[in-house]
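Hi everyone, thanks for coming. I'd like to walk you through one structure today, so please have a look at the screen.

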Amino acid sequence: MKSSGNKNKITIIRILSRKTQIILSQFIYPVLNKRFSKYILLLALLIANTSWWGYLDRPHTVKPTSESLDCVSYSAYRDEYTLNDDKTFVTPETIDADLAIIAERFRCVRIYTTLHGMDRVPEIAQKYWLTVIVGVWISPDLMENMEDLELALTVAEKYPSVTHLLIGNEALFFETISPKYLYLYLKYAKTKTSKPVSTGEIVSTWNEQRKLAELSDFIAIHVFPYWNNVPVEKWVEYLEGDYNFMQTLFPDKEIIVAETGWPSNGVNRGWAEANLLTQATYVRTITKYLEGRKIRYNIIEAFDQPWKIFGSEKHAGGSFGVFDDKWREKFSLSGPLSLYGSSFMVRGIANSVDAVVNKIPEKYATKIDDIISGDMVYRLTKFLNIDSDIGLATSLIFLTVSIIFGWFGGHLRFRAFFWGSLTLLGLINILVMIAYKAWIGHYLYLPQFWINVPLMLLPIMGILYQLRDYLKIIGRGHIQHHITYKNLSPFSREEPFVSLHIPSYNEEPEMLIRTIKSVTNLDYKNYELVIIENNTRDENIWRPVEKFVQELGDPRIRFYHFDSLEWYKSGALNKALELTDPRAEIIGLLDADYCVHPDWLRMTISLFDEEKIAAIQCPQANNRDGATAFQKIMCYELDLFYKQGMIIRNASNAVIMNGTMCLLRRDVLESEKWCNGFICEDSELGLRILAHGRTIIYVDHIFGEWLPPRNFEEYKKQRFRWAYGAMMIFKTHWKKIFFRSHLTPMQRFEYLFGWIGWGQMILYPFYLLILLFGSYFIYESYSFEAPYDFALLTLFYVLFLMFSTISIYRDRMHITLKEAWLAVLASASLTVTIFRAVFLAIFWNNFGFKKTNKWGIHVASGKMSWLRAHPGFIGLVAINLAMIILSASILFRYGVNTDTLIWFLLVVTITLPTLGSLFFQIIYE
């Protein structure tokens, strides 16, 4: 009994063990193998992102200043007022609320006008023990100037809180008014008030207009290191130099710093960076220095002024406030400082959570108060060591995106999953930074920001489109609808009759004869070969081919020569169709330089067993035997389209028909015909076939090779023809993409983005403008407000495109890293050529067919000295090199910061097509 019980226990344990193994093998292990390691990766990236923003927003130790500062500029015109010249009347309630906040940090306010209700400031200031420097805004309107001046004189005498009177604010510097009128205002004011009178100007204006000092009771200087590109370590030295210089000029006058400050946002000017950390550091450092020397000063300004971004000071001008335009304190006067400061987003979340908790019945609220409360948000941010809007937003968004990506991307290979996650994280960070800058910097007010949004969509769409392709090609072990050699089966039944067509124009006879020989070696018997030699005048070219066919004596091979045949290649193909044997069921297309493998027809014909298949396209591969180094690079560059684009298109039944190595049903071809007037008649026919609801499939196996272009010039000529032909097809058939046809949404998507790939080259002149003005943007970006958001996105897109393409080259073609880099550069070097083709296609039809000269048996490598290149190209090279040198010299002379570095890298990137073209012509030609 005892032994029987033990056996039962062992049996139960084994049964449980088997069930456990089944559960582990069917449910647990797949999750661990497919997703667990990837979720660990996502968690690591999330932690890295959080840590990075925590590092950026880390506390900085800056010596504290007095908790009660001297004076601050005050203007009430913010969101609740119109952003135009007709200021809305300021209510006493608004002034009272503003001064209550200012009084917590300052002892004095400076106003710039007494009009529009601002004359109530001195009265209300007394309530908060604030003194006032009353200002008069001097404009070209002399009547308004006098109105403002009279009111200012009245309040100056009426209220003890007024200590000084400033008539005009840099009126002479901006040439708002002539000096004689300002002198008259100063003389008049001195006769009407006992309060000290002066005007506010920069140091150079005081030096040039020394008569101002004679009419002023004190000297009010404006000192702004930011506008003069002064770095942090020279702030005090710069201000001290200006102050001491004025003391030397006017030793008998009191000198006050009537305006100084630093913006929390805006463009970076050389070494002077505009951010919250530099603003807080500047205010602390300068006020501590001035307080130590007992110099009166005024910080500009109390609240951010979004309306100023429409003026000459742009975004920086609207961000000088020590409080933002919502009355929120930007930084403290003591304790550690950080780059982004106390997070408004954290406060908003905390307030929202508290509001929700407050609406819950008390008996439930008390139980969950410790779990859900505003303090929870603060505790979370402290735990994450991150307290900035950008860092918190990127982490939360990436957390959401990563969960989705982790679930749907569980089948991806780890390398693809890693690069996909990294790309999404980078894109999220950039987009959140742009949104944050637009929000906190008041960019949303500007029409130019919304004009810039469509420009930003271009690189964003490019990144997502390329990421999709990358994940499809690299990410899966098995690609959907991917047809390779192992998916094919030899045709073993009665062979259908195949008619192979070769159109030839002025081709080398040895090359065409070699192609014919390859056809005779086909492991397929039931075929014919129709060769149409058209419009070749030189008998020495076509007669040897005719003689070879005659000597061959094979009735299946027929050669025809026509002295004058319209429409070149399409005309030749239509003529070949007329001469086709009536028994032919399948039509095959070959170029004159294409040597086929014996098993081409035997391995592919069986695919036509499916009635829906109208055509079969195989890759166009280059023969690399004896090819030059550059020709091999051309081969790699071309192979990418077949190793990436065609495979992805095949999954959506959007294969581009490339003519050679293509098999078509005869009835389909006879119903459609080759369309005359197209350079790329094969691709045009393929689109019409798909638009009628038929199917074209792509077989990812090389069944033959052709000869590569002879040299770089022929390489560009070939790509010109393809780009021109593609755009001509779009001009003719765009309605099929957007309107009525049998194309599916995915087919429309693939074709549209394919055309966009060509069409985006029309933006090349725009990039040339960026190149030409790039140095100016770097030098004087504050006056132009260059679109850094677009520059950053474009740079990210280019870098991602380069690295993802190199990864595909390495994975799919197994070439070296050097060869992959050169292939990417070769592709970039075609930019100018493709732009020219697209531009001509838009404005001209029937530009003409330009034959690509191939590297043949008796043809030399065709070296071409770059010195004999087109003069326009030489000039373009000179401009590119000059812009790089000029931008680099400006960058290192006036200071490197984030904005200027982005623009410099973009300038260098824009030069890649031209300099890459020069590189190949010098090194490889």
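Before we start, one definition: a residue counts as buried when its relative accessible area is under 20%. Please also keep in mind that this is a predicted model.

With that cut-off in hand, let's go to helix α23, residues 681-691. How many of its residues are buried? Eleven of the eleven are, so α23 is largely enclosed by the rest of the structure. That list of buried residues takes in charged side chains such as Glu681, Asp682, Glu684 and Arg688, and it also includes Leu685, Leu687, Ile689 and Leu690. Just after the helix, Gly693 takes a positive phi of about 85°.

Carry on along the chain and you meet strand β17, residues 695-698. Thr695 and Ile697 point one way from β17, while Ile696 and Tyr698 point the other way. That fits a general pattern: in a regular strand the side chains alternate between the two faces of the sheet. Buried or exposed, these four? All are buried.

Now, who does β17 pair with? Four bridges join it to strand β14, residues 613-617, and the two run parallel. If you want one pair to find on the screen, Ile616 has Ile697 of β17 as its bridge partner.

Let's zoom out to the whole sheet. Seven strands form an open sheet in the order β11-β10-β9-β12-β16-β14-β17, with mixed pairing. Why do β11 and β17 each have one side without a neighbour in the sheet? They stand at the edges, each with a single partner strand, so one side of each is left free of a neighbour there. From one strand to the next, the twist averages 20°.

Within that sheet, β9 (residues 498-504) and β10 (residues 527-534) pair in the parallel sense over seven bridges. Ser499, for example, has Glu528 in β10 as its bridge partner. Two helices pack on the sheet here. Helix α17, residues 509-520, touches β9, β10 and β11, and its direction makes about 170° with that of β10. Helix α18, residues 539-552, touches β10 and β11, and its direction makes about 155° with that of β11.

On to the other set of strands. Eight of them close into a barrel, in the order β1-β2-β3-β4-β5-β6-β7-β8, and the pairing is parallel. Here the twist averages 30° from one strand to the next. β7 (residues 254-260) and β8 (residues 297-299) pair over two bridges, and Val257 has Tyr297 in β8 as its bridge partner. For β3 and β4 there are five bridges, again in the parallel sense, with Ile133 partnered by His164 of β4. Strand β4 is mostly covered, with seven of its eight residues buried.

Which helix lies across β3 and β4? That is α4, running at about 160° to β3.

Let me finish with α4, residues 142-158, and α5, residues 179-192. Their axes come within 11 Å and cross at roughly 25°. That angle makes α4 roughly parallel to α5. The crossing is right-handed. Contact residues on α4 include Leu142, Met146, Leu149 and Leu153, and those on α5 include Tyr181, Tyr185 and Tyr188. By class, the contact has eight nonpolar, one polar and three charged residues.

That's my tour; happy to go back to any view you like.

Technical notes
Residues are numbered from 1 along each chain as its sequence is written. This is a predicted model: local features need pLDDT of at least 70, side-chain atom pairs count only at pLDDT 80 or more; totals for chains, interfaces and linings use all residues. Side-chain values use heavy atoms; hydrogens and water are left out. Axes are lines fitted to C-alpha atoms, for helices over the stretch in contact, and angles run from 0 to 180 degrees between N-to-C directions. Angles under 35 degrees count as roughly parallel, over 145 as roughly antiparallel, 65 to 115 as roughly perpendicular and the rest as oblique. A crossing is left-handed if the near helix is turned anticlockwise from the far one by less than a right angle, and right-handed if clockwise. Contact means heavy atoms within 4.5 Å. Buried means under 20% relative accessible area, exposed over 50%, partly exposed in between (1.4 Å probe, protein chains only). Two strands pair if DSSP finds at least two bridges between them.
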